Amino acid sequence: MKSSLDENKPIFLQIKEQIEDSIINETIKTAERIPSTNEFAAYYKINPATAAKGINELVMENILIKQRGVGMFVTDNAKEILINKRKKIFYKNYMDPLKKEATKLGISNMDLIEMVKMEGIEDEN
Amino acid sequence: MRIEVKNLSKKYKKQHALNNVSFTLEEPKIYGLLGRNGAGKTTFMDILSGNILASEGKILINGKNPFDNQELTESICLMKEGDNFKKDLKVKNVLKIFSYFYPTWDHKLADDLINEYNLNLNAKIKSLSKGMESSLGIIVGLASKAPITIFDEPYIGLDAPSRQKFYEILLEEYQTEKRTIIFSTHLIDEVSLLFEEVLILQEGSLVLQENADTLRDSTCAVSGNTEEVELYIKDKEVIGKKRLAGTMTAYIYGSIEEAKKQGFTAEGVPIQELMIYLTDGKRGA
């Protein structure tokens, strides 16, 4: 979890994304309990209703399931659902800005492809 | 408790401190009451607490008028930026008086907070530093557990760690038991994340009442080439603008996503900045 939140973005969205990231990178695993609304509120000093909104959206998307009186838990398919969702927006969130910047700098598509490959080689060395 | 404000006006001689203000606070939430100096915030809080009478219009709390109404005034606790207590009293006397006044008073919380803020029970109010007097105000406000608790710039002279402590305890208390908390401050950046709903007053009028996160979601700062930005914001509601060398940033009601799609740099607008632009007086200019 991040140490603080960004005031420029809706807080409930940031809470939602933090939980999503934790599930994708398995900081919080399947069937584990996520921090409660109050824990989020105390940690980030945010309004509990705002934290609850982020968590509730994840319940609607079947990422989390509520067990009355116990807390919120990560569903069995959570990671899979999230990865599919993130793949769908990958182009828009990462490729679009990448290509726009490349066009601005006069980098061709071929050059871009070369760069993608190059990074991979460097990593292996 | 439900707070209804109906066509409320307050005139001091010929000056309107509040001018025909109407809104409703439906349920227990943490409300941020914001605005520049002289916007009418303190006047509103004084009328709400039953300290002064409105010139016209009214405030109803659960359908009743708070002025001179004991049953209601013991449900409302207003802590101001100073002069909350008689100078000759000792800290322990202050606590005793307020504990008699508020049926909801929490003795344990008061004791804990006195320790937390290192106050001497036998010290007289006039011997306290500004910061210490402010912390006593915070302690009384929190321990009153009044269903309507109002903090009007409560921490003059209070250092950053003590303010952080206050926010922490405020949240803890609010989570254990929901109550209406109205918070008026100029240190907006510090507390805006605590607000569930924001109200902005300007020159005696209400210019905005909105859920804090909805506000963050529905406003954005669009930057780019001046002509392109001008064109983009033509049919949008503009809150403010600033220019630098051929580029412009416009603060508008609109989605960040949409502006980004058009190739602009777009960011959210922190509530503090929103307040500044909304109360600029040159709105949309």
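Chat on a predicted two-chain model

User: What are the helix and strand shares over residues 9-77 of chain A, and how far apart are the end C-alpha atoms?
Analyst: Over residues 9-77, chain A is 51% helix and 12% strand, with the end C-alpha atoms 28 Å apart. Helices (H or I, at least four residues) and strands (E, at least two) are DSSP runs, numbered from the N terminus. The model is predicted: local features need pLDDT of at least 70, side-chain atom pairs count only at pLDDT 80 or more, and totals for chains, interfaces and linings use all residues. Residues are numbered from 1 along each chain as its sequence is written, while chains are lettered from A and ligands numbered from 1 in the order in which they are written.

User: Which feature does UniProt place at those residues, 9-77 of chain A?
Analyst: An unreviewed UniProt entry gives "domain: HTH gntR-type" there. UniProt positions follow the numbering used here, feature names are shortened, and annotations may be inferred rather than shown by experiment.

User: Turning to helix 1 of chain A, which residues are buried?
Analyst: The buried residues are A:Ile11, A:Phe12, A:Gln14, A:Ile15, A:Lys16, A:Ile19, A:Glu20 and A:Ile23. A residue is buried if 20 or more other C-beta atoms, placed from the backbone, lie within 10 Å of its own.

User: And what do they pack against?
Analyst: They pack against helix 2 (37-44), helix 3 (48-60), strand 2 (71-74) and helix 4 (78-105) of chain A, together with helix 8 of chain B.

User: What follows that helix?
Analyst: Helix 1 of chain A is followed by A:Glu26, which has a positive phi, near 60 degrees.

User: How many residues does each chain give to the contact between A and B?
Analyst: Chain B gives 16 residues and chain A gives 18. Residues are in contact if their C-beta atoms, placed from the backbone, lie within 7 Å. On the side of chain B, helix 6 (160-176) and helix 8 (212-218) give two or more residues each, and helix 6 of chain B has the largest share, four residues.

User: How is chain B divided?
Analyst: Chain B has domain 1 (3-203) and domain 2 (216-278), with bounds from an automatic or database domain assignment. Their centres, taken over C-alpha atoms, are 35 Å apart. Six residues from domain 1 of chain B and five from domain 2 of chain B make the contact.

User: Finally, what does B:Val222 touch?
Analyst: Not counting residues up to four places away in sequence, B:Val222 touches several residues, including B:Val229, B:Tyr232, B:Ile233 and B:Phe264.

Notes
Two residues are in contact if their C-beta atoms, placed from the backbone, lie within 7 Å. A residue is buried if 20 or more other C-beta atoms lie within 10 Å of its own, exposed if 12 or fewer, and partly exposed in between; C-beta atoms are placed from the backbone.
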